[in-house]
Amino acid sequence: MAITRPAPPGSAHADERSGPGAPAGGPGPERDGWHLTSPVALTLLLLVVVVAQGPLRGALSAPVMQSWMTVFVAVVVQALPFLVLGVLLSAAIAVFVPPSFFARALPSRPALAVPVAGVAGAVLPGCECASVPVAGALVRRGVTPAAAIAFLLSAPAINPIVLTATAVAFPRDPEMVLARFAASLLVACAMGWLWQRLGRADWLRPPARASHEGGGKGEAFWGSVRHDVMHAGGFLVVGAMAAATLKAVAPASWLRTAAGNPFVAVLALAVLAVLLSICSEADAFVAASLTQFSPTAKLVFLVVGPMIDLKLFAMQTGTFGRRFALRFAPATFVLAVLGAVLTGAVLL
Amino acid sequence: MNRQAQSVVMFLVGAALLHAGLSGLYLRYVKAALQPLLLASGAVLVVTALMTLWYERRRRHAPEEEHGHAHREPRVSWLLVLPLFALILVAPPALGSYSAVRTGTALQKPYAYEALPKSDPLPLSVVDYAGRAVYGHGRSIAGRRLRITGFVALDRGGAPYLVRMALNCCAADAQPVKIALTGHVPPVLEPDTWLEVTGAYTARQTRDPVNNGPIPYLDVTGARPVPTPHDPYDETWNQ
């Protein structure tokens, strides 16, 4: 399957190295040797781990390690179904939906396409893991990146499942649901427009593959599913490790001190949302349990979390390239905090 | 990682998800309602692995066009073996006393108090007891013999708690709800032991040192160790 020309050495290579400690990652990728070695390397790795499982289990039996592994496995197991759903959708878009469809469905002026795509995010049921591959497929299908970005940011926060969960978690303040919807849509559109004004196409990684890879549509479909699962899945593991480390190591008591000052409280919950990387379907319950914080701070938590967190950053790096992710993440963070505080001041 | 190796990893991850979903192992990590999605995604991964192998084999038989060698597959994919090993070889237990002691009690005011059955002793969940004791002032449970199941956690001073982790989606958002034990508490308590405690409501309360949340006491009359329940988490907040 000839997938693409080799990517420009700088960006692609740097991205693919970003899995630190990738087991058996091996030195220099000799193209011919690589094909022969990876199944062998995998077999050896499986054998070694199975043979050494006794000592490995012993080393992992400390309570910190156990708790770390439980959260790590939990984040991966919880996210994989949604990742697979997103990957199937993205493969279907990439293979079966002609680019002309999007040209007709979206307004031709990007400034108008952004809010339309933002509202369209409401139809993707699931959490943020599904939206990254779908947004990637949209860009490859010729949708203007500004609109794809609005979709990427709004989909995990404003779909009915997430809004219902928010309503259940905040039974006494229904305005929280409205505020979450309004703030998320606002920030998603603002980011889309910002990209349209300032974004540069060369920040985005060139399309990872041609739309058809030789063989038939079936082959292209399964090839796309395989590539996205392996790729986004690897980055999901990076994010899950970061989230598990935070959950297992960081003390919860500092939150109490942070809640006292309104300014610090907003920043603390924004940073917490990034670090915890909780699925957007569950974050409302966590926000509701942070009882010592102001409603605006909780809203910031709910708006920032689905837009940017460690897991998402890793996955965006994988899909759109590091140059994009490094610029996109801080801008999203700042705009999300500002948007949520503004909305909170008006609605809460 | 080339395509054969990728399909092996995908097959194993898919099989591990199917195994976890069918055996109930998944309940240690995620909410029960995720089971159909887990099984479906496991099946999709297995099918993708088989389709990849099939297309790869057909390609082998086809006359060799220049393919594949120009493209390097992402090496980050190797990381997918980590959750695989963790799930298959280690299968870490559900969150226990380590997390419970480090996190503040997450007790929320219940929306309503359901009518309780007349049985004696009255089986009650940790979350239900704590909610009725703290916010309902024990009205519906005062004077009755109660039976509550949870695991043991000891705080820094060695004071015993009966805990259940309440879960909304996955273990990353699990939060403990705690009951402090008083009365005839067994003299030696091992953290993470699951206990079925019999006891009675008492109005005494304390505060969680982590988040200052309310923790009710339970006046224990008896306790016996029980095996870990099928679903170790409390999922009542999901409904």
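## Report on chains A and B

UniProt lists residues 9–91 and 135–233 of chain B for "domain: DUF1980", in an unreviewed entry. The structure discussed here is a predicted model.

**Chain B**

Over residues 135–233 of chain B, 52% of the chain is strand and 1% is helix. The end C-alpha atoms of residues 135–233 are 22 Å apart.

The feature "transmembrane region" also comes from UniProt, again from an unreviewed entry, which places it at residues 7–27, 33–55 and 76–95 of chain B. The table sets out the computed values for spans of chain B that carry these UniProt features.

| Span of chain B | Helix | Strand | Distance between end C-alpha atoms |
|---|---|---|---|
| Residues 7–27 | 81% | 0% | 27 Å |
| Residues 76–95 | 50% | 0% | 28 Å |
| Residues 135–233 | 1% | 52% | 22 Å |

Residues 7–27 contain no strand, with 81% of the span in helix. Residues 76–95 likewise have 0% strand, and helix accounts for 50%.

**Chain A as a whole**

Chain A has 17 helices and 0 strands. Of its 348 residues, 54% are buried. Take the contacts in chain A between residues at least 6 apart in sequence: 85% of them join residues at least 24 apart.

**Helices H16 and H17 of chain A**

Helix H16 of chain A covers residues 310–320, and helix H17 of chain A covers residues 322–347. How many of the residues of H16(A) are buried? The count is 11 of 11, and H16(A) is mostly covered. Among these buried residues are A:Leu310, A:Lys311, A:Met315 and A:Gly318. Just after H16(A) comes A:Gly321, which takes a positive phi of about 100°.

H16(A) and H17(A) pack with their axes 7 Å apart, at an angle of about 140°. Angles over 145 degrees would count as roughly antiparallel and those from 65 to 115 as roughly perpendicular, so the two helices H16(A) and H17(A) are oblique to each other. Their crossing is right-handed.

Which residues of H16(A) and H17(A) meet? From H16(A) they are A:Phe313, A:Gln316, A:Thr317 and A:Phe320. From H17(A) they are A:Arg322, A:Phe324, A:Ala325, A:Phe328 and A:Ala329. By class, this contact of H16(A) with H17(A) has 6 nonpolar, 2 polar and 1 charged residues. A:Phe313, A:Gln316, A:Thr317 and A:Phe320 are also buried in H16(A).

Technical notes:
Residues numbered from 1 in each chain as written. Chains lettered and ligands numbered in written order. Predicted model: local features only at pLDDT ≥ 70, side-chain atom pairs only at ≥ 80, totals over all residues. Axes fitted to C-alpha atoms, helices over the stretch in contact; angles between N-to-C directions. Helix = DSSP H or I, 4+ residues; strand = E, 2+ residues; numbered from the N terminus. Parallel < 35°, antiparallel > 145°, perpendicular 65-115°, else oblique. Left-handed = near helix turned anticlockwise from the far one by under 90°. Contact = placed C-beta atoms within 7 Å. Nonpolar A, V, L, I, M, F, W, Y, C, P; charged D, E, K, R; others polar. UniProt positions renumbered as here; feature names shortened; annotations may be inferred. Buried ≥ 20, exposed ≤ 12 C-beta atoms within 10 Å, placed from the backbone.
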